[in-house]
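Welcome, and thanks for taking a look at this one with me. Please have the sequence and the 3D view open while you read.

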Amino acid sequence: MKILLIEDSWFLRLAIEKLLTKGGHEVTGVGDGQEGLRAARTTPPQLILLDMMLPGLDGTSVLKKLKLDPLTARIPVVVLSGLSQVNETKLKEAGAAAYFDKSSLNFENNPDALIRAVERVTREVN
């Protein structure tokens, strides 16, 4: 599956790209919201993983723009955040397909948690 990862942390972006690639996915990683919007419009992915805390255009703004654009509106977006899940309902109302807490990312002891979340969202939208 083609996945667009919008994450400003270079280390985390690289680790997630490596994890998802090992899981059989084709991943394009970008470091900010504007670049993410351009990538989503240029080569629409099948799924977007979106960090909320981005420089410049924040994740909430990126999510809104993605959902307002007919070219990207139907692409499922999984929100990646270290913020409290209190925002989960609000983000889903704004169009997010799912919320994944970054604190659940454990590359050593539970590397498949994110892959399972991606696969679950994919099944739900198909």
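Here are a few numbered points to help you find your way around.

1. A word on the source before anything else: this is a predicted model, so please read each value below as computed from that model.

2. Start with the overall layout. The chain has five helices and five strands. If you follow the sequence from beginning to end, the elements come in the pattern β-α-β-α-β-α-β-α-β-α.

3. Next, the overall dimensions. The C-alpha trace spans about 40 × 30 × 30 Å along its principal axes. For 126 residues, a compact globule would have a radius of gyration near 14 Å, and the 13 Å of the chain agrees with that.

4. Now for the inside and the outside. Of the 126 residues in the chain, 44% are buried. The exposed area of the chain is about 6,800 Å², and carbon and sulfur atoms supply 50% of it.

5. Contacts along the sequence are worth a look too. Among contacts with a separation of 6 or more, 60% join residues 24 or more positions apart.

6. Finally, do zoom in on one helix pair. Helix H1 (residues 10-22) packs with helix H5 (residues 113-125) at an angle of about 65 degrees, and their axes are 10 Å apart. The crossing of H1 and H5 is right-handed. On the H1 side, the contact is made by Ile-16, Leu-19 and Leu-20, and on the H5 side by Leu-114, Ile-115 and Val-118. What classes of residue make up the contact of H1 with H5? There are six nonpolar residues in it, with no polar and no charged ones.

Methods:
Residues numbered from 1 in each chain as written. Predicted model: local features only at pLDDT ≥ 70, side-chain atom pairs only at ≥ 80, totals over all residues. Heavy atoms only, no water. Axes fitted to C-alpha atoms, helices over the stretch in contact; angles between N-to-C directions. Helix = DSSP H or I, 4+ residues; strand = E, 2+ residues; numbered from the N terminus. Left-handed = near helix turned anticlockwise from the far one by under 90°. Contact = heavy atoms within 4.5 Å. Nonpolar A, V, L, I, M, F, W, Y, C, P; charged D, E, K, R; others polar. Rg over C-alpha atoms; globule rule 2.2 N^0.38 Å. Buried < 20%, exposed > 50% of the residue type's maximum accessible area, 1.4 Å probe, protein only. Areas by Shrake-Rupley, 256 points an atom, 1.4 Å probe, with all protein chains shown as cover.
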